[in-house]
Amino acid sequence: MKKVIGVLVLFIGLNAFAQKREMKSEMTPDQIATLSTKKMTLALDLTESQQVKMYVLQLENATERQAKMEARKQARENGTTKNLSSDQRYEMKSKMLDQRIEQKKKLKSVLNKEQFEKWEKMPHHRRGEHHKGKREKGDKKGHKNKEQDND
């Protein structure tokens, strides 16, 4: 009986995660841009003209992201996805970093100095740094680090 309940709870939990992902992908680029602009307005206290400029930037980004997602989805369905060579991987990452640099320049032109500094400190726009500061590199769960041993 306990196993059955455990399995049911697991399926319900997985179903809830799947529904959240679906709802996010159903938003149009316009909706995504509007929500992102409103969040940035609240966080950075944007003026009306900054909001308009930020909306245009966010709409541009959301449209590009959606097009890339569709292309990846089509490639997956067609079975054309394969292991990329190191040159292809390098090219992809290089393009991605170029886009981030360009985005940062555009943001810098819209935001004032204080707002831009505040934006840079906001963790949600940085990828791969979600767990920064929680553990040092090399530390594993369940193991004490050297500082804890000395206490």
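User: Why is Lys-106 called partly exposed?

Analyst: In this predicted model, Lys-106 has a relative accessible area of 25%. Buried means under 20% and exposed means over 50%, with partly exposed in between. The value of 25% for Lys-106 is therefore in the partly exposed class.

User: What makes the contact of Lys-106 with Glu-60 a salt bridge?

Analyst: The N to O distance between the side chains of Glu-60 and Lys-106 is 2.6 Å. The definition asks for a side-chain nitrogen of Lys or Arg within 4 Å of a carboxyl oxygen of Asp or Glu. At 2.6 Å the pair meets that cut-off, so the name applies. Glu-60 lies in helix H3 and Lys-106 in helix H4, so the salt bridge ties together parts that are 46 residues apart in sequence.

User: Which class of exposure does Glu-60 fall into, and why?

Analyst: Glu-60 is partly exposed, because its relative accessible area is 31%, and partly exposed covers what is in between the 20% and 50% limits.

User: How many salt bridges does the structure hold?

Analyst: The structure holds 2 salt bridges. Besides Glu-60 with Lys-106, Glu-120 forms a salt bridge with Lys-104.

User: How do you know that Glu-120 and Lys-104 form a salt bridge?

Analyst: Their closest N and O atoms are 2.8 Å apart. The limit is 4 Å, so this pair also qualifies. The pair links distant parts of the chain, with Glu-120 in helix H5 (residues 113–121) and Lys-104 in helix H4, 16 residues apart. Glu-120 has a relative accessible area of 30% and is partly exposed; Lys-104, at 38%, counts as partly exposed too.

User: Why is Thr-41 called buried?

Analyst: Thr-41 has 18% relative accessibility. Buried means under 20%, so Thr-41 counts as buried. Thr-41 is found in helix H2 (residues 29–44). Of the 151 residues of the protein, 14% count as buried.

User: What does the side chain of Thr-41 reach?

Analyst: The side chain of Thr-41 reaches the backbone oxygen of Thr-37 at 2.7 Å. A polar contact needs N or O atoms within 3.5 Å, and 2.7 Å meets that distance limit.

User: What is noted about phi of Asp-45?

Analyst: Phi of Asp-45 is near 55 degrees, a positive value in a residue other than glycine. Most residues other than glycine have a negative phi. Asp-45 is in the loop between H2 and H3. At 62% relative accessibility, Asp-45 counts as exposed, because exposed means over 50%.

User: Which residues form the positive surface patch?

Analyst: Lys-68, Arg-72, Lys-73, Arg-76 and Lys-95 form the positive patch. Helix H3 (residues 48–78) gives the largest share, 4 residues.

User: What makes Arg-76 exposed?

Analyst: Arg-76, found in helix H3, has 56% relative accessibility. The exposed class begins over 50%, so Arg-76 belongs to it.

User: Which residues make up the negative surface patch?

Analyst: The negative patch is formed by Asp-87, Glu-91, Asp-98 and Glu-102. Asp-87 is in helix H4 (residues 86–110). At 59% relative accessibility, Asp-87 counts as exposed, because the limit is over 50%.

User: How many helices and strands does the protein have?

Analyst: The secondary structure comes to 6 helices and 0 strands. Along the sequence the pattern is α-α-α-α-α-α.

Technical notes: Residues are numbered from 1 along each chain as its sequence is written. This is a predicted model: local features need pLDDT of at least 70, side-chain atom pairs count only at pLDDT 80 or more; totals for chains, interfaces and linings use all residues. Side-chain values use heavy atoms; hydrogens and water are left out. Patches are made of residues with over 30% relative accessible area and no salt bridge: like charges are joined within 9 Å, nonpolar side chains (Val, Leu, Ile, Met, Phe, Trp, Tyr) within 5 Å. Accessible areas come from the Shrake-Rupley method with a 1.4 Å probe; for residues, only the protein chains shown count as cover. Lys and Arg count as positive and Asp and Glu as negative; His and the chain ends are not counted. The place of a charge is taken as NZ of Lys, CZ of Arg, CG of Asp or CD of Glu. Helices (H or I, at least four residues) and strands (E, at least two) are DSSP runs, numbered from the N terminus. Buried means under 20% relative accessible area, exposed over 50%, partly exposed in between (1.4 Å probe, protein chains only). A polar contact is a pair of N or O atoms within 3.5 Å; within protein, one must be able to donate a hydrogen and the other to accept it, and residues adjacent in sequence count only if both atoms are side-chain atoms.
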